[in-house]
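Please look over the protein shown here before reading on. The report takes the chain as a whole, and then turns to some of its parts.

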Amino acid sequence: MGAFRSQFTAPSWQHVLVLIMGCILAPGKRTVTACLRMTGRTRDPGFAKYHHVLNRARWNPRALAGIVLTLIVARLVPEGAIVIGLDDTIERRWGRSITARGIYRDPVRSSHGHFVKASGLRWLSFMVLAPVPWAGVVKALPVLTLLAPSERANTKQGRRHKTLTDWARQGIMQLCRWLPERHFIFVGDSSFGTHDLVQAVKQHATLISRLRLDANLFEKPPERSRHSLGRPAQKGAPLPKLKTLLSNPATVWHRICVSAWYGHKQNKELEITSDIAIWYRPGNTPATIRWVLVRDPEGRRDPQAFFSTDVTLQPAEIIALFVRRWQVEVTFAETRAHLGVETQRQWSDKAIARTTPVLLGLYSLIILWAADLLTSASSPYAAAWYRKTHLTFSDAIGAVRFSLWVGDISARSAPHRERDKIPPERIIRMAQALCFAA
């Protein structure tokens with residue numbers, strides 16, 4: 001935590017350390033009072049000062065996000081391109097005091113034929129998609145999380161409404177400014193596969209997303225000669241729609257094998273076709289992209305298309321990078337299950353805007369701390385009735401909690417002592433955490 005010391009005053013810093021430790025140790029809700037209970041401060045008459053860290057103290061969550069990005073990149077991505085997954089999630093919250101609240105489609109409970117509304121806050125999160133050595137898989141580590149207020153909330157407060165694409169553009173530009181010497185690859189779903197976002201970021205980073213099967217694609221404009229008249233052409237002849245290529249017998253398909261696919265499929269064979277084209281929309285500057293059309297030989301999934309603003313990437317690389325973003329949903333689920341996202345109860349605007357990004361950032365810090373405690377040879381927490389072969393985030397937070405509960409006892413004991421004694425007050429707190437776990 002020393003990397004964040006410069007962002008807080010001395011009194012606030014001591015309170016921050018208490019809250020962070022309480023967030024890690026608390027087994028249920030992540031309220032300020034739950035954090036105080038876990039750290040043995042139930043009798044502290046000055047409990048309000050811990051609330052002030054979130055709703056009054058002067059510190060910038062965005063500056064903390066830049067530090068988290070630096071720590072993750074230095075530890076997990078020291079060289080090469082930095083792959084960032086971006087996606088939005090709904091934090092279900094109710095109450096008139098929550099001004100940024102809106103009514104959205106619940107992505108978890110809804111399906112293609114069933115629409116479920118949810119009241120809550122919309123967050124847009126940017127996560128580093130990098131292999132974690134102790135887990136042996138790619139993890140999505142949250143870095144920057146932005147609150148996207150609803151249109152009704154912005155109208156009520158007299159502010160210009162920003163769409164999800166607007167927030168994505170600002171977040172992408174912010175990450176690129178933090179590490180201008182590194183190349184970023186941003187991977188998002190169809191919500192971010194827009195022509196406007198491509199135009200805004202194509203000079204600064206690579207964007208990979210889904211592409212509509214009826215997108216307007218064109219050939220490159222013909223080269224001009226000294227006899228050419230008029231303004232230079234922005235596009236060439238129109239290309240067939242991607243959906244027509246599926247039924248065209250002249251389409252040349254190539255078979256590839258991807259390491260991961262839908263339904264936890266491994267070593268899945270796919271048929272693809274790809275090319276470079278000009279993506280054009282009236283009123284916008286054309287963009288050069290590489291598109292990839294994918295179909296399942298077994299016919300279990302509908303055909304889909306992807307694109308990349310970096311035309312030098314191979315089709316298999318584009319698919320592999322897009323598959324990485326599925327870990328974003330895993331991170332959202334694990335933060336809800338293990339870090340209590342959606343259980344906090346702040347009502348002030350400042351505390352609401354700070355708490356969820358901090359909890360998501362804490363997920364990344366736990367992954368990094370676990371790297372000092374776990375290795376690929378470590379055994380996961382399993383049982384005879386629960387066969388578990390791979391380390392997950394529950395093992396990571398368990399290792400960090402164990403280190404906080406008992407790890408410093410032996411470290412502080414004198415060399416001549418034969419047995420280590422756990423302080424009685426700590427035993428009581430551990431028993432209370434077990435007895436009152438929700």
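What follows describes the overall chain, a group of paired strands and two individual residues.

## The chain as a whole

This is a predicted model, and the values below were computed from its atoms. The protein chain has 13 helices and eleven strands, and its C-alpha atoms fill a box of roughly 90 × 55 × 45 Å when the box is taken along the principal axes. Of the 438 residues in the protein chain, 47% count as buried. Among the contacts with a separation of 6 or more, 63% are made by residues that stand 24 or more positions apart.

The protein chain exposes about 23600 Å², and carbon and sulfur atoms supply 53% of that area. The chain carries 61 positive and 32 negative charges, and the mean positions of these two sets are 8 Å apart.

## Strand 5 and its partners

Strand 5 covers residues 184–187, and its side chains point in two directions: Phe184 and Phe186 point one way, Ile185 and Val187 point the other way, and all are buried. Strand 5 pairs in the parallel sense with strand 1 (residues 82–92), over four bridges, and within this pairing valine 83 has isoleucine 185 as its bridge partner.

Strand 5 is also joined to strand 6 by three bridges, and these two strands run parallel. Isoleucine 185 stands opposite threonine 206 in strand 6, while phenylalanine 186 stands opposite leucine 207 of that strand. Isoleucine 185 thus appears in both descriptions, as the partner of valine 83 and as the residue opposite threonine 206.

## Strand 6, the crossover and strand 11

How many of the six residues of strand 6 are buried? Strand 6, which spans residues 206–211, is mostly covered, with five of its six residues buried. The chain reaches strand 6 from strand 5 by way of helix 7 (residues 195–201), and this β-α-β crossover is right-handed.

Strand 6 pairs with strand 11 (residues 304–308) as well, here in the antiparallel sense and over four bridges. In this pairing, serine 209 has phenylalanine 307 of strand 11 as its bridge partner. Strand 6 therefore has a parallel neighbour in strand 5, as its bridges are counted under the rule that two strands pair if at least two bridges are found between them, and an antiparallel neighbour in strand 11.

## Cysteine 35

Cysteine 35 lies in helix 2, which is made up of residues 32–38. Is this cysteine 35 buried or exposed? Cysteine 35 counts as buried because its relative accessibility is 2%, and the cut-off for that class is under 20% relative accessible area.

Leaving aside its neighbours within four places in sequence, cysteine 35 is in contact with Leu19, Gly22 and Cys23. For one of these, glycine 22, the C-alpha to C-alpha distance to cysteine 35 is 3.8 Å, although the two residues are 13 residues apart in sequence.

## Glutamate 342

Where in the chain is glutamate 342 found? Glutamate 342 is found in the loop between helix 10 (327–338) and helix 11 (349–370). Its phi is positive, at about 85°, although glutamate 342 is not a glycine.

Glutamate 342 has a relative accessible area of 15%, and therefore it is buried, since buried means under 20% relative accessible area.

Key: Residues numbered from 1 in each chain as written. Predicted model: local features only at pLDDT ≥ 70, side-chain atom pairs only at ≥ 80, totals over all residues. Heavy atoms only, no water. Buried < 20%, exposed > 50% of the residue type's maximum accessible area, 1.4 Å probe, protein only. Contact = heavy atoms within 4.5 Å. Areas by Shrake-Rupley, 256 points an atom, 1.4 Å probe, with all protein chains shown as cover. Lys, Arg positive; Asp, Glu negative; His and termini not counted. Charge placed at Lys NZ, Arg CZ, Asp CG, Glu CD. Right-handed = clockwise from strand over helix to strand, strands pointing away.
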